Amino acid sequence: MKGTLYVVGVGPGDPELMTLKAVRILERCKVWLAPVAKKDGESTALGIAEGVVDRGDKEIITHHFPMKKIRMGQIPDPEVKKAWDAAAVQIIGHLQAGRDVAFPTLGDPAIYSTGFYVCETLFALAPDLPVEIIPGVSAIGASAAAAGQPLCLGDDRLVVIPATFENGRLRETLEQFDSVVLMKVHRVMDRLVPLLGEMNLLDKAVLVERTSQNGQRIRRDLTTALQPNNAPHYFSTIIVRKS
Ligand SMILES: C[S@@+](CC[C@H](N)C(=O)[O-])C[C@H]1O[C@@H](n2cnc3c(N)ncnc32)[C@H](O)[C@@H]1O
């Protein structure tokens, strides 16, 4: 019998935010393939999973996925595609040998997650192999919870976007929606903060760093992110809610 690939959302950091199902699947799978963003770096998702599940009897494969912009409908960077292909090939080898594989991924797999690119690659190479997606607590909900505010209520329109959009598109989105979640903000604060200032939205914005992780920080004055040595961590999300 063939094994199953489980793409497991492990939540934003605090292992207590992992679902019972995520824990059960991770316990059951003897092979884990965990994503690493930097060559020779650590896997955040793996660290979260290990906070609950003993890795003692696991075969742990860490796999480097380069962090490069991916535009839907366009051919991905060859280095990125190579990483997806190599991960899928390794996973296929285990599944065909009858071993289940877990792919722990930060937050929820449905939101800007490498897990789905790996799934799509696997479907293309071996469409008959079974895959299950285990949802997780996303940084989006966890950031709102940490900030003690809702994302949307009543007839609010909510949108989630990468803050790496160019300013024109950011402005348009901020104008159109009542509540805007900006992810991947850490490298663009120098243009995002002035834009929010021009649009009189600075007092509607909250920056949540490292939600539910050690070092969690909530900033309501986003201009502090422009100070030297005060740039936000990669794990940072901004919520702009107008009402
Ligand atoms: C590649 S996306 C992954 C999102 C993830 N799949 C999720 O559902 O939360 C990475 C972005 O998620 C956000 N993020 C992830 N973990 C976070 C955390 N603990 N606190 C705040 N933002 C976080 C940041 O905006 C970061 O740039």
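A residue counts as buried here if 20 or more other C-beta atoms lie within 10 Å of its own. In this predicted model, helix 5, which spans residues 139-147, has a buried set made up of A139, I140, A142, S143, A144 and A146. A general point about helices helps in reading that list. An α-helix has 3.6 residues a turn, so residues three or four places apart point the same way. As for what lies over the buried residues of helix 5, the cover includes a run of strands: strand 6 (158-162), strand 7 (179-183), strand 8 (205-209), strand 9 (217-219) and strand 10 (236-241). Right after helix 5 comes G148, with a positive phi of about 70 degrees.

Stepping back to the whole chain, it splits into domain 1, residues 5-134, and domain 2, residues 139-241. Taken over C-alpha atoms, the centres of these two domains sit 27 Å apart. Where the domains meet, eight residues of domain 1 are in contact with nine of domain 2. On the domain 1 side of that meeting, the residues sort into four nonpolar, two polar and two charged.

Then there is the ligand. Its surroundings hold 22 residues, and the ones that come nearest are G107, S138, A139, M183 and T211. Helix 5 and strand 10 are the elements that each supply two or more residues to this shell. A139 thus turns up in both stories, as a buried residue of helix 5 and among the residues nearest the ligand. By class, the shell has nine nonpolar, 10 polar and three charged residues. Both domains take part, with at least three shell residues coming from each of domain 1 and domain 2.

How values were computed: Residues numbered from 1 in each chain as written. Predicted model: local features only at pLDDT ≥ 70, side-chain atom pairs only at ≥ 80, totals over all residues. Buried ≥ 20, exposed ≤ 12 C-beta atoms within 10 Å, placed from the backbone. Helix = DSSP H or I, 4+ residues; strand = E, 2+ residues; numbered from the N terminus. Contact = placed C-beta atoms within 7 Å. Domains from an automatic or database assignment. Nonpolar A, V, L, I, M, F, W, Y, C, P; charged D, E, K, R; others polar. Near = placed C-beta within 6 Å.
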